[in-house]
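Visitor: I am new to this structure and would like to learn how to read it. Where should we begin?

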Amino acid sequence: MFIGGIEAGGTKFVCAVGDESGNIIDKTTFSTEDPDITLNKTKLFFNQYSIKALGVGSFGPVGLNKEEKTYGYILNTPKLKWKQFDLLRRLKQDYDVPITLDTDVNAAALGEYKFGVAKGSKSALYITVGTGIGAGFVKDGQTYIGQTHPEMGHIFIQQRKDDDFDGICPYHGNCLEGLASGPAIEKRYGKKGYALGTDHKAWELEADYLAQAIINYLLILAPEKIIIGGGVMKQEQLYPLIRSKVLALSNGYIGLEHIEELIVAPELNDEQGIKGAIALTL
Ligand code: ADP
Ligand code: ZN
């Protein structure tokens, strides 16, 4: 019997069946529409297989506190049809197997931890820099959820004096996501990130903001690996820029001798989320 995984994103859904070793046997991707349409398509895919468990890495915010009524609900999303939708209840109606629900970024962190670049490490932080910014943390094989799940993309960093952009976060304006997500780059320069060219000044500023976030994550969590993925990180020139700025911010305070092995790119070719969703059930 296979294990089912769903990477439930705000833009697209990925469904897959796989095994304990992270092998994917079959996979399908479709765009996220209203809950009914999307979850019916999901069911059509899984109807072809007999699965023994289902792991779900979901966009959020999502209720993950088992003590609260909102456990398993999609919460405050701008996607109105999904707002306050009881995702877990619907999945339980559709699949009579144990279901494990977590955030998309926790699933991605677990995917890289079990099968990717953080294999063999004791702890790993996975940051995605895409349409939004978020991060998931794994330690000793367990993803971290607090009272609610962390929202590491919305931290407050120092905006640079030479950057007069207001930021695009509807809640905070110039939080990390407001200043450094893909849509923030697009709004600041009037062009999508990939159209800017690799030597555009945007990348030095982007690396500055991401390095500020990363030094804070390092000081708080001390992870053994920091994996940065997401669409914006296709700009590979960002990695060395970020590493040197993190070194400068640390100023010798924390041991960063092996920074090339500490701050790394993902290894699972955009499959960390779905492989991690499967791994949530293990
Ligand atoms: P999502 O966050 O929606 O899951 P992605 O991680 O692919 O999806 O992130 C999409 C964002 O990344 C968009 O804002 C897009 O403009 C940006 N992006 C995608 N490819 C690149 C690239 N090569 N260079 C810079 N930005 C990119
Ligand atoms: Zn914010």
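Guide: This is a predicted model. We can begin with the residues around ligand 1: sorted by class, its shell has 3 nonpolar, 8 polar and 1 charged residues.

Visitor: Which residues surround ligand 1?

Guide: The surrounding residues are T11, G130, T131, G182, P183, G193, Y194, G230, G231, V232, K234 and Q235.

Visitor: What polar atoms lie at short range from the oxygen and nitrogen atoms of ligand 1?

Guide: A polar contact is read as a pair of N or O atoms within 3.5 Å. Here, T131 places a polar side-chain atom 2.6 Å from an oxygen atom of ligand 1. A polar backbone atom of G231 is 2.8 Å from an oxygen atom of the ligand. For a nitrogen atom of ligand 1, the partner is a polar side-chain atom of Q235, at 2.8 Å. On its own, ligand 1 has 560 Å² of accessible area, and the protein covers 66% of that.

Visitor: Which atoms coordinate the zinc ion, ligand 2?

Guide: The donors are ND1 of H154, SG of C169, ND1 of H172 and SG of C175, at 2.1 to 2.4 Å. Along the chain they follow the spacing H-x14-C-x2-H-x2-C. H154 and H172 are 18 residues apart, and both are in the loop between β10 (142-143) and α4 (176-180).

Visitor: What is the geometry of the zinc site?

Guide: Four donors count as tetrahedral if all angles lie between 85 and 135 degrees. The angles among the 4 donor atoms of the zinc ion are 103 to 117 degrees, and the site is tetrahedral.

Visitor: Is H154 buried or exposed?

Guide: Buried means under 20% relative accessible area. H154 has 19%, so it counts as buried. H172, at 33% relative accessibility, is partly exposed.

Visitor: Where is L44 found?

Guide: L44 is in helix α1 (residues 35-46). The cut-off for exposed is over 50%, and L44 is exposed because its relative accessibility is 61%. From C-alpha to C-alpha, L44 and K245 are 48 Å apart in space, with their positions 201 residues apart in sequence.

Visitor: What should I look for in the backbone?

Guide: One item is the peptide bond from G60 to P61, which is cis, with omega near 0 degrees. P61 sits in the loop between β4 (51-58) and β5 (73-74). Another item is a positive phi in a residue other than glycine, as in D140, where phi is near 45 degrees. D140 is in the loop between β9 (133-139) and β10. N251 is not a glycine either, and its phi is about 55 degrees. N251 belongs to the loop between α7 (238-250) and α8 (259-262).

Definitions and conventions. Residues are numbered from 1 along each chain as its sequence is written. Chains are lettered from A and ligands numbered from 1 in the order in which they are written. This is a predicted model: local features need pLDDT of at least 70, side-chain atom pairs count only at pLDDT 80 or more; totals for chains, interfaces and linings use all residues. Side-chain values use heavy atoms; hydrogens and water are left out. A residue is near a molecule or strand if one of its heavy atoms lies within 4 Å of it. A polar contact is a pair of N or O atoms within 3.5 Å; within protein, one must be able to donate a hydrogen and the other to accept it, and residues adjacent in sequence count only if both atoms are side-chain atoms. Accessible areas come from the Shrake-Rupley method with a 1.4 Å probe; for residues, only the protein chains shown count as cover. Ala, Val, Leu, Ile, Met, Phe, Trp, Tyr, Cys and Pro count as nonpolar, Asp, Glu, Lys and Arg as charged, and the others, Gly among them, as polar. Donors are N, O and S atoms within 2.8 Å of the metal (3.2 Å for Na, K and Ca); water is not among the atoms, so sites may look incomplete. Four donors count as tetrahedral if all angles lie between 85 and 135 degrees; four count as square planar and six as octahedral if opposite donors are over 155 degrees apart and all others between 65 and 115; anything else is irregular. Helices (H or I, at least four residues) and strands (E, at least two) are DSSP runs, numbered from the N terminus. Buried means under 20% relative accessible area, exposed over 50%, partly exposed in between (1.4 Å probe, protein chains only).
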